[in-house]
Amino acid sequence: VCSMGNSTSRLYSALAKTLSSSAVSQHQDCLEQPDSARLDPIDPKDLLEECQIVLQKRPPRFQRDFVDLKKNAASNHRPIRVMQWNILAQALGEGKDNFVQCPMEALKWEERKCLILEEILAYKPDILCLQEVDHYFDTFEPLLSRLGYQCTFFPKPWSPCLDVEQNNGPDGCALFFLKDRFELINSANIRLTAMKLKTNQVAIAQTLKCNETGRLFCIAVTHLKARTGWERFRSAQGCDLLQNLKSITQGAKIPLIICGDFNAEPTEEVYREFSNSSLNLNSAYKLLSPDGQSEPPYTTWKIRPSGECRHTLDYIWYSQHALNVNSALGLLTEEQIGPNRLPSFNYPSDHLSLVCDFSFNQDPDRLL
């Protein structure tokens, strides 16, 4: 038995409660926001220590390094760290996704949840954008609110998680930002449309004010329709999201960051729509390539019964004339990922997390 110090044992009841939660409540809380404001704050170091105790039989976290992308642009304010991640819905990972090389033991929520938290705690994002969140109310909202985040969740109207026995409710998009760094000015939950029809895909868009600089910016998170054959559908969803964001940002007067699992390779039409939008967007992870024009070779890598799936589907888009990308987190190498691919005992999702540090352009009146 591993002894836990006093600081850690204080956390154990909260963490254990999220670990042992079941779907017995049958999701009646899904439309209610729990009151976590009355709960005591958590020291991130204490929570990280508790996660590491749970994970002591697992391999250590992979080492990933940030790549400095600054172009001699001095900034007089702290960068804004944004993290994008499809964390893999627990119900889908266990019940639908058929990761044929991933042992079921590696997908146990009791430990996988701590791997997810460990990744978040390691990179300390100021803003966190997640997809496939199906443990929002029993895990992420209670814990992240106690770490100082303001939390928003928007579930899919017809989540495939609900088809899985013993599910934990619908999955959806979630957005978290540190309340001591930003003030919420406006928030919009968007149900995306395609061909004038409401779809099962959603987005959250929030206008925040940076407390340090007083600057406004918009942060959005989305998850577009999956699977081959739905390219035109994704394109229509992307157009709808862009139209919504044009309105929210007053035609790009407010800088914009969009995080998402687009389920689309850079060759797809929806990617070109974002690249050519009047919002003047660029994809941050292109900056890691030698020419600054190429996306990473993969952001997801898994093995299903149909074969190996290695794709670039996840992006962080940003207003390229209003914001600078100071640095970006490097991807896992093929050697780190290993022959059985993702998820695994080492890594909790089939998608890699993306993390960027942004700063405002020093000329706030510069045209976008």
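Contact here means heavy atoms within 4.5 Å. In this predicted model, Phe176 touches Asp126, Ile127, Leu128, Leu130, Tyr136, Phe140, Leu144, Tyr149, Gln150 and Cys151, leaving aside residues up to four places away in sequence.

## Nonpolar cores

Phe176 also belongs to the largest nonpolar core, which has 71 residues. Together with Ile127, Phe140, Ile219, Ile257, Ile316 and Phe358, Phe176 is among the residues with the most contacts inside this core. Helix H4, residues 109-123, gives the most to this core, with eight residues. A second, separate core has 25 residues, and Leu192, Leu224, Leu245 and Ile248 are included in it.

## Overall composition

The protein holds eight helices and 15 strands. Of its 368 residues, 58% are buried. Among contacts with a separation of 6 or more, 79% are between residues 24 or more positions apart.

## Strands S9 and S13

Two of the core residues named above lead to a pair of strands: Ile257 lies on one side of S9, and Ile316 is part of S13. Strand S9 is largely enclosed by the rest of the structure, because six of its six residues are buried. On one side of S9 are Leu256, Ile258 and Gly260, and on the other are Ile257, Cys259 and Asp261; both faces are covered.

Strand S13, residues 314-319, is mostly covered, with six of its six residues buried. Asp314, Ile316 and Tyr318 point one way from S13, while Tyr315, Trp317 and Ser319 point the other way.

The pairings that involve these strands are set out below.

| Strands | Sense | Bridges | A residue pair |
|---|---|---|---|
| S9 (residues 256-261) and S13 | antiparallel | five | Ile257 and Tyr318 |
| S10 (residues 281-283) and S13 | antiparallel | three | Leu281 and Ser319 |
| S8 (residues 216-223) and S9 | parallel | six | Ala220 and Ile258 |

S13 thus has antiparallel pairings with S9 and with S10. S9 pairs with S13 in the antiparallel sense and with S8 in the parallel sense. Within these pairings, Tyr318 is the bridge partner of Ile257, and Ser319 is the bridge partner of Leu281. Ala220 stands opposite Ile258 in S9.

## The largest pocket

The volume of the largest pocket is about 910 Å³. Its lining comprises 35 residues, and Lys225, Ala226, Arg227, Asn263 and Arg304 lie nearest the centre of the pocket. Four elements give two or more residues to this lining: strand S7 (197-210), helix H6 (231-248), strand S11 (300-304) and strand S12 (307-311). S7 gives the most to the lining, with four residues. By class, the lining of the largest pocket has 15 charged, 10 polar and 10 nonpolar residues.

## The cavity

The structure also holds one cavity of 30 Å³ or more. About 60 Å³ of space lies in the largest cavity. The residues that line the largest cavity are Arg61, Phe62, Arg64, Leu115, Glu118, Glu119, Asn346, Tyr347 and Pro348. By class, this lining has four nonpolar, four charged residues and one polar residue.

Conventions:
Residues are numbered from 1 along each chain as its sequence is written. This is a predicted model: local features need pLDDT of at least 70, side-chain atom pairs count only at pLDDT 80 or more; totals for chains, interfaces and linings use all residues. Side-chain values use heavy atoms; hydrogens and water are left out. Buried means under 20% relative accessible area, exposed over 50%, partly exposed in between (1.4 Å probe, protein chains only). Two strands pair if DSSP finds at least two bridges between them. A nonpolar core is a set of buried Ala, Val, Leu, Ile, Met, Phe, Trp, Tyr and Cys residues joined through side-chain atoms within 4.5 Å. On a 1 Å grid over the protein atoms alone, a cavity is a set of points where a 1.4 Å probe fits but cannot get out, and a pocket is an open set with protein on both sides within 12 Å along at least five of seven lines; lining residues have an atom within 4 Å of a point. Grid points are joined across faces, edges and corners, and a volume is the space filled by probe spheres set on the points. Ala, Val, Leu, Ile, Met, Phe, Trp, Tyr, Cys and Pro count as nonpolar, Asp, Glu, Lys and Arg as charged, and the others, Gly among them, as polar.
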